[in-house]
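Okay, thanks for coming, everyone. Let me put the sequence and the structure up on the screen, and then we'll walk through them together.

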Amino acid sequence: RVAELTAEEATGLRAEVHGWLRRGVASRSALLDKLDLNGNGRVAAFELEQGLQRLRMDWRETGARTLLDLFLLLDTDARNELGVEEIAPADLWPAEESPAPQPRRPRQNHGRGGQGGRGRR
């Protein structure tokens with residue numbers, strides 16, 4: 001059980017869990033989208049369970065004895081909900097893997113009249 005772990009053991013296991021969570025998704029925001037089912041910015045125990053199912057991730061792979069143990073391991077502030085930093089610490093994730101899309105510029109015709117560069121005749 002989580003309560004039986006030393007602080008050092010808990011930190012090590014938490015790091016392993018964060019690595020495991022990273023393997024399941026492409027980006028930090030994708031993970032949060034899958035886990036924060038009600039969109040309130042925090043993840044309750046039932047959301048963690050349902051979100052992991054949606055991601056097809058088996059929490060047993062983490063080495064936790066129960067899903068509640070996994071939840072309590074991640075809930076470092078003991079608020080009974082997981083915040084963003086508890087689920088996906090920013091220092092473990094690159095600043096979003098794909099940059100925000102840039103606005104597209106309208107294509108310029110350059111007087112070709114849409115004829116593949118032949119111009120009008």
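Let's start at His18, which is buried, with a relative accessible area of 7%. Bear in mind that what you're looking at is a predicted model. If you want to find His18, go to helix α1. So what does His18 touch, once we skip residues up to four places away in sequence? The list is Leu74, Glu86, Ile87, Pro89 and Leu92.

Let me pick up one of those, Glu86, which sits in helix α5. Is Glu86 buried or exposed? Glu86 counts as buried, at 8% relative accessibility. Leaving out neighbours within four places in sequence, Glu86 contacts His18, Arg42, Leu74, Asp75, Thr76, Asp77 and Glu81. Take Arg42 from that list: Glu86 and Arg42 are 44 residues apart in sequence, yet their C-alpha atoms are 9.6 Å apart in space.

Now let me zoom out for a second. How many helices and how many strands does the protein have? Five helices and zero strands. Reading from the N terminus, then, the order of elements is just α-α-α-α-α. There are 121 residues, and 34% of them count as buried. Here's another whole-protein number: look at contacts with a separation of 6 or more, and 62% of those come from residues 24 or more positions apart.

Okay, on to helix α4, residues 67–74. This helix is mostly covered, with six of its eight residues buried. Which ones are they? Leu67, Asp69, Leu70, Phe71, Leu73 and Leu74. And what covers them? The cover includes α1, α3 and α5. Let me go through two of those partners, α1 and α3.

First up, α1, which runs over residues 7–23. The α1 and α4 axes are 10 Å apart, and the two helices pack at an angle of about 105°. Anything from 65 to 115 degrees counts as roughly perpendicular, so that's what we call α1 relative to α4. On the α1 side, the contact is made by Ala10, Leu13, Arg14, Val17 and His18, and on the α4 side by Leu70, Leu73 and Leu74. So there's His18 again, as part of this contact. Sort the residues of the contact by class and you get six nonpolar, one polar and one charged.

While we're here, have a look at Leu73, which lies in α4. Leu73 counts as buried, at 2% relative accessibility. How far apart are Leu73 and Leu13, in sequence and in space? They're 60 residues apart in sequence, and 8.2 Å from C-alpha to C-alpha.

Next partner: α3, residues 45–54. Here the packing angle with α4 is about 115°, and again the axes are 10 Å apart. That makes α3 roughly perpendicular to α4 as well. If you rotate the view, you'll find that α3 passes α4 in a right-handed crossing. From α3 the contact takes Ala45, Leu48, Glu49 and Leu52, and from α4 it takes Leu67, Leu70 and Phe71. By class, that's six nonpolar residues, no polar ones and one charged.

Between α3 and α4 there's a loop, and Arg60 is in it. Would you call Arg60 buried or exposed? At 55% relative accessibility, Arg60 counts as exposed. Measuring up against α4, Arg60 and Leu70 are 10 residues apart in sequence, with 9.1 Å between their C-alpha atoms.

Last stop, helix α2, residues 28–35. The buried residues here are Arg28, Leu31, Leu32 and Leu35. Why do we say they share a side of α2? Because they cover an arc of only 95° around the axis, which puts them on the same side of the helix. As for what covers them, that includes α1, α3 and α5 (84–87).

So, to recap where we've been: an all-helix order of α-α-α-α-α, a mostly covered α4, and a buried His18 in the contact between α1 and α4. Okay, that's me done. Who wants to take the mouse and look around?

Technical notes: Residues numbered from 1 in each chain as written. Predicted model: local features only at pLDDT ≥ 70, side-chain atom pairs only at ≥ 80, totals over all residues. Heavy atoms only, no water. Axes fitted to C-alpha atoms, helices over the stretch in contact; angles between N-to-C directions. Helix = DSSP H or I, 4+ residues; strand = E, 2+ residues; numbered from the N terminus. Parallel < 35°, antiparallel > 145°, perpendicular 65-115°, else oblique. Left-handed = near helix turned anticlockwise from the far one by under 90°. Contact = heavy atoms within 4.5 Å. Nonpolar A, V, L, I, M, F, W, Y, C, P; charged D, E, K, R; others polar. Buried < 20%, exposed > 50% of the residue type's maximum accessible area, 1.4 Å probe, protein only. Arc of directions from axis to C-beta.
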